[in-house]
Amino acid sequence: MDRSRLYWIFQIFGWAAFAVINLFFVSLIRGITSVQIGAYLSLGAFYFVSTHYFRHIIKRQNWFNFNLSKLLIQAFCALLVLSFANVIATVLINWIFGILRQQEDLKPIVLLVNMFISFLYYALWAMMYFLYHFLENYNTTLKYQAKINEVKLNQLRNQLNPHFIFNALNSVRALVDENPPKSKEAITQLSNILRYSLIMDKKRTIDFSDEIKIVRDYLDLESIRFEERLKISYDIEKKAYQYKIPPMMLQTIVENAIKHGISNLMRGGLIHIQCFVGLTDDLYIVVKNSGQLTNSVQRKENDGSGHGISNTIQRLKLIYGNKASFKMRNFDSEFVVTEIKIPKQSTKLD
């Protein structure tokens with residue numbers, strides 16, 4: 001049901017119910033007459049017309065774009081005007097239907113009480129109207145933001161896959177002439193990696209076991225190319241396999257360690273992958289690699305010319321918000337340590 005139709009249903013039945021309820025309580029006190037029915041139905045009609053005109057003013061002047069303080073002041077003043085008009089309308093309706101008691105109904109205290117009661121009715125209507133509007137806009141904003149996030153994730157995945165594929169192909173090309181038998185093994189590993197990349201391309205998160213398996217294939221392929229220059233070690237807790245993580249995330253960190261760390265060192269170096277579950281059931285992924293985090297690498301990631309780390313940070317933020325974290329720092333002047341925290345809720349994502 002659209003918003004306009006819903007508004008008219010609540011507007012008509014709401015003020016009709018107001019008139020009927022008031023008639024019911026009047027009938028309990030002094031009975032009910034056709035004159036009273038006409039008077040209360042007319043009062044309900046005035047509420048209907050006045051609130052609808054109030055809505056027209058709100059939409060025409062675009063009150064929903066006001067800041068909160070201005071909106072509250074405008075609404076309060078409008079409710080006072082409506083309440084004052086309602087008191088005048090009530091007096092006129094009672095006079096038209098011949099039930100106006102001038103000595104009692106026109107006393108200042110009675111008029112003020114009637115104005116206060118009508119103010120409460122108008123305030124209740126305004127609260128419901130504004131609340132519905134803000135909640136609907138909030139839900140629309142959430143849906144829009146989710147759609148934007150999905151588009152951004154797709155763009156980030158499209159950036160990541162070609163970058164990874166070209167690096168893997170370069171590794172295989174280096175093996176073809178140097179060691180043909182091992183190149184066959186490398187081609188098999190590369191096919192596994194490419195198949196994984198294509199299958200997982202449309203998923204937000206995947207099983208940790210799938211990701212670590214492809215990382216092992218990638219590092220095995222790179223160890224053939226680097227030979228003794230690359231040392232690899234793993235320290236993975238069994239509980240880590242119960243989690244889900246963004247696809248190609250860990251592989252991107254490892255690839256970055258190879259590109260900016262190991263490949264720049266004459267003696268090569270070490271890549272150590274540690275995964276464990278913390279005290280609050282968050283998954284921690286720590287990659288320690290030989291090398292140093294230089295300013296030039298940081299500049300590339302900040303200005304967007306290097307997609308790896310900035311890509312990972314953006315994907316973590318889009319999927320987990322502030323519940324995930326990413327840290328990269330130099331350690332002992334010989335190593336770079338990258339730490340990623342994946343929240344416990346990741347087990348429910350796919």
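1. Start with helix α8 in this predicted model. Its buried residues are Met249, Leu250, Gln251, Thr252, Ile253, Val254, Glu255, Asn256, Ala257 and Ile258. That makes 10 of 12 residues buried, so the helix is mostly covered, given that buried means under 20% relative accessible area.

2. The helix runs over residues 249-260. From first C-alpha to last, α8 reaches 17 Å. This is close to the 16 Å expected at 1.5 Å a residue.

3. α8 also borders an enclosed space. The count of cavities of 30 Å³ or more is 3. The largest cavity has a volume of about 120 Å³. Its lining has 15 residues, and Asn256, His260, Asn289, Leu293 and Val336 lie nearest the centre.

4. Which element gives the largest share of that lining? It is α8, with 4 residues. Strands β5 (283-290) and β7 (335-342), like α8, each supply at least two. By class, the lining of the largest cavity holds 9 polar and 6 nonpolar residues, and no charged ones.

5. Now the open spaces. The largest pocket has a volume of about 820 Å³. Of its 25 lining residues, Tyr40, Leu43, Thr90, Asn94 and Asn114 lie nearest the centre. α1 (3-30), α2 (34-60), α3 (68-96) and α5 (108-178) each supply at least two residues. The lining has 15 nonpolar, 7 polar and 3 charged residues.

6. The second largest pocket holds about 710 Å³. Tyr7, Phe10, Trp125, Met128 and Tyr129 lie nearest its centre, among 24 lining residues. α1 gives the most, 12 residues. α1, α2 and α5 each supply at least two. By class, this lining divides into 15 nonpolar, 6 polar and 3 charged residues.

Methods
Residues numbered from 1 in each chain as written. Predicted model: local features only at pLDDT ≥ 70, side-chain atom pairs only at ≥ 80, totals over all residues. Heavy atoms only, no water. Expected span 1.5 Å × (residues − 1). Buried < 20%, exposed > 50% of the residue type's maximum accessible area, 1.4 Å probe, protein only. 1 Å grid on protein atoms, 1.4 Å probe; cavity = no way out; pocket = protein on both sides within 12 Å on 5 of 7 lines; lining within 4 Å. Points joined across faces, edges and corners; volume = space filled by probe spheres on them. Nonpolar A, V, L, I, M, F, W, Y, C, P; charged D, E, K, R; others polar.
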